[in-house]
Amino acid sequence: MALSGADRAAVRALWRKLGGNVGIYATEALERTFCSFPATKTYFPHFDLSPGSAQVKAHGQKVADALTTAVAHLDDLPGALSALGALHAHRLRVDPAHFQLLSHCLLVTLARHYPGDLAPAMHASLHKFLSHVTSALASRYG
Amino acid sequence: MVHFSAEEKAAITSLWGKVNVEDAGGEALGRLLVVYPWTQRFFDNFGNLSSASAIMGNPKVKAHGKKVLTSFGDAVKNMDNLKGTFAKLSELHCDKLHVDPENFRLLGNVLVCVLAHHFGKEFTPQVQAAYQKVVAGVANALAHKYH
């Protein structure tokens, strides 16, 4: 399911609306991921994972910046995310299935904060975008 | 077998009490068909599924969504015996409907998104975690009789 012109336009428009708050939502998405899927905490033994943790907030901002980069390079996600893919594959050794858990929690976070903007078609476009990000990251594995 | 703490059961039951099963069911099933279009293959006789708005407005989708979510309500009432509660439905989905159990997980996650969409602030990370357990339990229970 390639990203259609309509998908790209929808994702870009949503990202413009989120503005400088992407970090807040990525942080909440991380918190939700740790809460619902405790196995994902395995990658952060060195973090304080309690609610409001400054380390989780900083990491949320990193994730947000990476997603914003992805939105700016929808025509070449594997290229734009190549270094991050290599990092997650070879150094951090994150199970690629766990990217999908974070993607799901990001959708939940945005649905919770922007109910008016997450109509079914937008939900589909965002899900496709996040799947492409996940694939781009996973393409560096193995 | 999935185990629910008293707090989780309370959170799940309390939120469920406020769910409009008819609206949420149609919403969840509709979104499944929009976001994961291959799932439309199980609903060939539902008529017009040609666009997101056609799907969301389709009366058969709404009616079936209500049926599905009413069933889900049984899960909420029987959290300690999900396998027993869904035994017959599991056989139906395996032997007659031939639905890949992966699709139950997809619907479960779509339902979680619908709940977040509807309940907003109330759908805290802790409430979400409790619901992720329920939807996983239901998906497993539905897959249990597959052979």
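Q: Before S82(A) comes up, what counts as a helix here?
A: Helices are DSSP runs of H or I with at least four residues, strands are runs of E with at least two, and both are numbered from the N terminus. S82(A) lies in helix α5 of chain A, residues 82-91.

Q: What are the ground rules for the model and its numbering?
A: This is a predicted model, in which local features need pLDDT of at least 70 and side-chain atom pairs count only at pLDDT 80 or more, while totals for chains, interfaces and linings use all residues. Residues are numbered from 1 along each chain as its sequence is written, chains are lettered from A and ligands numbered from 1 in the order in which they are written, and side-chain values use heavy atoms, with hydrogens and water left out.

Q: Back to S82(A): how far is it from A136(A) in space?
A: The C-alpha atoms of S82(A) and A136(A) are 7.3 Å apart, although 54 residues separate the two in sequence. S82(A) is partly exposed, at 24% relative accessible area (buried means under 20%, exposed over 50%, partly exposed in between, with a 1.4 Å probe and protein chains only).

Q: And at what angle do α6(A) and α7(A) pack?
A: Helix α6 (residues 97-113) and helix α7 (residues 120-138) of chain A pack at about 155°, with their axes 10 Å apart. Axes are lines fitted to C-alpha atoms, for helices over the stretch in contact, and angles run from 0 to 180 degrees between N-to-C directions. The two helices are therefore roughly antiparallel (over 145 degrees; under 35 is roughly parallel, 65 to 115 roughly perpendicular, the rest oblique).

Q: Which residues meet there?
A: From α6(A), F99(A), Q100(A), S103(A), L106(A), L107(A) and L110(A) meet H123(A), L126(A), H127(A), L130(A), T134(A) and L137(A) of α7(A), where contact means heavy atoms within 4.5 Å.

Q: Is T134(A) buried or exposed?
A: T134(A) is buried, with a relative accessible area of 9%. Apart from neighbours within four places in sequence, T134(A) is in contact with P96(A), F99(A), Q100(A) and S103(A).

Q: Different topic: where is R93(A)?
A: R93(A) sits in the loop between α5 and α6 of chain A. Its phi is positive, near 50°, in a residue other than glycine, and R93(A) is exposed at 63% relative accessible area.

Q: What about H98(B), which loop is that in?
A: H98(B) is in the loop between α6 (87-96) and α7 of chain B. H98(B) has a positive phi of about 55° although it is not a glycine, and is exposed at 56%.
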